[in-house]
Every structure is written in C-alpha cells, then in structure tokens.
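Hello,

Here is the structure I promised to pass on to you. Have a look at it first, and then read on for my notes.

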Amino acid sequence: MTERKDPRRPVTQPGTSGRLLTGIAQCLKWLVLSLAFSIVIEWIGMLFWWEEQGLQHSRQMFTNELHYLGEDFKRSIITSNPLQFAQRVVDGIYYALFEFTHLDDLIHWLAQPVEGDGFRVSLHQGYETVANFVLAALQIAQVFSVRLAILMLATPVFGLVALVGLVDGLVRRDLRRWGGGRESSFVYHYTKKVALPLIMMAWVIYLSLPFSLHPSWVILPFALGFGFAVTVTASTFKKYL
C-alpha cells in the first residue's frame with residue numbers, strides 16, 4: 001500500500017545552499033544554451049546569409065569584441081586590469097570546452113592529412129568538408145568568452161541602477177503612504193517577477209547576437225528596465241508592515 005501524505009505536514013523547503021546550487025545550475029544551463037544557439041546561428045548564416053564572408057565573419061566578430069573591450073573597459077570596479085581579466089575568462093572557457101574534453105586533440109588529429117585508403121582517410125576527408133564550420137565554432141566560442149567577460153565587467157551597472165531605483169521607490173512609497181494612495185498587490189507581484197528575468201535576458205541576448213554590437217546598446221536598456229522594475233516594486237510595496 002502506498003503511504004498517504006499528511007496534508008498538515010509542512011513542506012520541506014530547500015536550504016540556502018540548495019537554492020544557491022540551483023541558481024548556479026540554472027545560470028550554467030542558460031550560458032550553455034546561449035553558446036549553442038550562437039554556434040548554430042553562425043552555421044546557418046554561413047550557409048544562407050553571409051556565404052561570401054564565410055569563416056571571416058566570426059573572425060571579424062572576435063576582432064570587434066576585442067576592440068570594444070580594449071576601448072571602453074579600461075577601468076572596472078571588479079578588476080584593475082580588465083584586459084587581463086578577459087584573457088583569463090577566455091583561457092578558462094577554452095580549457096573547459098576544448099582542452100579538458102580533448103576536443104582540440106581530436107580536431108588536430110582529424111585535420112592531419114594522411115595517405116592511402118581506409119577509415120582514417122575517410123574521416124579526414126569528412127572533416128575537410130566541415131572544417132570551416134568547426135573553426136567557426138571555435139571562434140564563436142572565443143567571441144562568447146569575450147562577451148561574457150564584458151558582461152561580468154558591466155555587472156555593477158545593474159547594481160547601481162538597482163540602488164537608485166530602490167531609493168526612488170521607497171520615497172514614492174512613503175509619499176503614497178502618507179498621502180493616502182491606493183495599494184496594488186498585482187503591480188507589486190508582477191514587477192517583482194519581471195526584475196530578475198531582465199538581467200537574464202540582457203545576458204542571453206548579448207551572448208547570442210549573430211553580429212557585433214556595442215555592449216552599451218544591449219546592457220543599458222535592460223539595466224534601465226531593471227531599475228524601473230525595482231522602483232515600481234519598492235513603491236508598490238504594502239504601506240504597513
């Protein structure tokens with residue numbers, strides 16, 4: 001017989017460490033999905049949209065991202081040397097994706113020309129037909145790494161706008177409290193749910209862009225939206241605790 005659950009028994013909630021691990025796992029999942037989506041879009045573009053550029057498209061994207069990093073991220077609260085920080089991020093991601101998994105050894109092995117006839121020759125010939133797509137994936141992974149470093153360096157922007165939005169929202173809440181304004185729990189709960197997804201959307205969209213775009217055009221609109229969501233959430237918080 002199956003044991004019946006007691007409805008009066010309280011449901012066990014995950015602890016702080018469990019929620020932290022869940023959050024880290026969710027972030028890693030979205031990062032992996034963004035990288036995979038970027039590679040797939042690049043491959044589709046090489047077939048249909050930028051056939052003439054081919055492999056040069058991803059190479060030019062990597063050059064542009066390095067230019068944005070070198071020109072506009074010379075100082076950061078996170079690190080005193082943004083370029084060195086970005087280099088560590090690029091090296092770490094490359095090691096995790098290609099060296100640790102030995103994918104780079106496999107690529108080098110397949111790229112080596114062989115003579116004669118047999119299965120090894122067939123593998124080499126098959127690799128030659130998709131070599132540009134493999135190299136494009138490697139370069140998109142580097143573009144992804146540079147963009148990830150830029151997003152990490154730009155993270156304090158979200159904290160700054162959140163602080164400004166929180167102060168402004170609390171002031172509006174006090175004015176509403178003493179002025180007899182109406183309270184809307186619907187607006188509070190809706191904006192509370194929207195705030196954090198705005199940060200995730202900024203990361204996913206920027207990491208997955210199939211073309212080069214200055215990070216300010218992506219980060220600032222979402223940061224302002226996040227600040228506005230914090231303002232509305234704080235201003236519509238219940239008047240009496």
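A quick word on helix names before anything else: helices here are DSSP runs of H or I with at least four residues, numbered from the N terminus. Please also keep in mind that this is a predicted model.

Let me start with H1, which covers residues 16-48 and includes leucine 47. Is leucine 47 buried or exposed? Neither quite fits: leucine 47 counts as partly exposed because its relative accessibility is 45%. Leucine 47 also belongs to a nonpolar surface patch, together with Val40, Trp43, Ile44, Phe48 and Trp49, and the patch has about 630 Å² of accessible area in total.

Alanine 36 is in H1 too, and is likewise partly exposed, at 38% relative accessible area. Its C-alpha lies 9.1 Å from that of alanine 141, although the two are 105 residues apart along the chain.

In H2 (residues 55-72) you will find glutamate 65, which is buried because its relative accessibility is 0%. Which residues does glutamate 65 touch, leaving aside those up to four places away in sequence? They are Val143, Val146, Arg147, Ile150, Tyr206, Ser212 and Leu213.

Finally, H3 has 18 residues, 82-99, and spans 24 Å from first to last C-alpha, close to the expected 26 Å. Its buried residues include Pro82, Phe85, Ala86, Val89, Val90, Ile93 and Phe98. These lie on the same side of H3, because they cover an arc of only 165 degrees around the axis.

Best wishes

Definitions and conventions: Residues are numbered from 1 along each chain as its sequence is written. This is a predicted model: local features need pLDDT of at least 70, side-chain atom pairs count only at pLDDT 80 or more; totals for chains, interfaces and linings use all residues. Side-chain values use heavy atoms; hydrogens and water are left out. Patches are made of residues with over 30% relative accessible area and no salt bridge: like charges are joined within 9 Å, nonpolar side chains (Val, Leu, Ile, Met, Phe, Trp, Tyr) within 5 Å. Accessible areas come from the Shrake-Rupley method with a 1.4 Å probe; for residues, only the protein chains shown count as cover. A salt bridge is a side-chain nitrogen of Lys or Arg within 4 Å of a carboxyl oxygen of Asp or Glu. Helices (H or I, at least four residues) and strands (E, at least two) are DSSP runs, numbered from the N terminus. Buried means under 20% relative accessible area, exposed over 50%, partly exposed in between (1.4 Å probe, protein chains only). The expected span of a helix is 1.5 Å times one less than its number of residues. The arc is that of the directions from the helix axis to the C-beta atoms. Contact means heavy atoms within 4.5 Å.
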